[in-house]
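Visitor: Please take me through one part of this model at close range. I would like the strand pairing to start with, then whatever packing belongs beside it.

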Amino acid sequence: MSEELLDEVEAINSIYGPDTLTPYVDSQSGSNRTSSPVYILTLPGAEDDSASAPSSSTTSLRLQFPPSYPSEPFTILGIHSSGEHGKRGAGARDLNLFSTAVGEVYEPGQVCLFDAIEKVKELQSQEKHDTAGDEGSDKEDVVDHNQEYNPESDVYSSSKRLSSPTGGVVLDQEPPWVISSPITELKSTFIARCAPVTSPTQAAGFVQHLLSVDKRVRAATHNITAWRIRGPNGTSFQDCDDDGETAAGGRLLHLMQLMDLWDTMVIVTRWYGGQKLGPRRFALINAAARDAFVNAGLVVANETTAGGGGSKKKGHGK
């Protein structure tokens, strides 16, 4: 089994829940083939767009991975289950959607399960909205339609009332943030900050401190966070927060996993400009995060890829 597959299994289960991608054990032999292992992928439900454990009404598929994966694609063996409360025909529909998604996102040499799952969710959402007669197929979680970032005056104007922070943490010393360049598209602005952290408590404290002392960040539409931390005795911690931007935290965490970044956190702030960006917003969020990682010397600029993965650490071993 390739190291890429092992890393992908860990990433998928950390984002969508521990039972999302599990080894298939043959009922007759009682084992799983090791040369070309078979896994059960339970697709996240269409009704719940958050990165959470799959429900009992979702479809699960059997996937077989060749030893050369991801240089060669995996094989979709078929439907494993349509779920305890699955609707008639839902399994065949999801199988077709997943096959379509894999065909669109797979590139030789690049793991693709995360992108395929997100594509399936997008297709499910589109299908659901089409059935309801709604033209919108990719809803953005928008708090304020009249919010702008003015880089010249360093002022954030918003019709949203700023409330006093509750439970804020003011540290003795400012966290060592490394900041990305602002990315602006259709009046939405994205800025990322990354910093070294040694514990989940410290990471959460850095977020609370930032929101407590920077009213511009506190006034933003979303503050999306992710962190990965090595603990004592071989333990590890990783977590993310969408802050209302559905699935964005999971994508950030997946980016860090692909880059093999540890003992680091990132927070991407978005000020919504009044025009929806659709799926493009996720690429911009990850682009801002990558820029912060490059500025911090964690990755090499010319080794990053447009798809958000494949970056390598600069002078940092595992």
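Guide: In this predicted model, strand 10 (residues 222–230) and strand 11 (residues 236–241) run antiparallel, joined by six bridges. One residue pair shows the register: Thr225 has Asp241 in strand 11 as its bridge partner. Five residues lie between the two strands of this hairpin. Among the hairpin residues, Asn233 has a positive phi near 60°.

Next, the helix packing. Two packed helices are described by the angle between their axes and the distance between the axes. For helix 1 (residues 3–16) and helix 6 (residues 248–259), the axes come within 10 Å and cross at roughly 160°. Angles over 145 degrees count as roughly antiparallel, so helix 1 is roughly antiparallel to helix 6. Their crossing is right-handed. Helix 1 brings Ala11, Ser14 and Ile15 to the meeting. From helix 6 come Gly250, Leu253, His254 and Gln257.

Now the nonpolar cores. The largest holds 49 residues. Phe74, Phe98, Leu113, Val266 and Phe293 have the most contacts inside this core. Helix 7 (residues 280–295) gives the most to it, with seven residues. A second core stands separate, with 12 residues, including Val197, Ala203, Val207 and Leu210.

Leu113 deserves its own look. Setting aside neighbours within four places in sequence, Leu113 touches Glu8, Ile12, Leu21, Leu41 and Leu63, among others. Also in contact with Leu113 are Phe65, Tyr69, Phe74 and Phe98. Phe74 and Phe98 appear again here, having been listed with Leu113 for contacts inside the largest core.

Key:
Residues numbered from 1 in each chain as written. Predicted model: local features only at pLDDT ≥ 70, side-chain atom pairs only at ≥ 80, totals over all residues. Heavy atoms only, no water. Pairing = 2+ DSSP bridges. Helix = DSSP H or I, 4+ residues; strand = E, 2+ residues; numbered from the N terminus. Core = buried A, V, L, I, M, F, W, Y, C linked by side-chain atoms within 4.5 Å. Buried < 20%, exposed > 50% of the residue type's maximum accessible area, 1.4 Å probe, protein only. Contact = heavy atoms within 4.5 Å. Axes fitted to C-alpha atoms, helices over the stretch in contact; angles between N-to-C directions. Parallel < 35°, antiparallel > 145°, perpendicular 65-115°, else oblique. Left-handed = near helix turned anticlockwise from the far one by under 90°.
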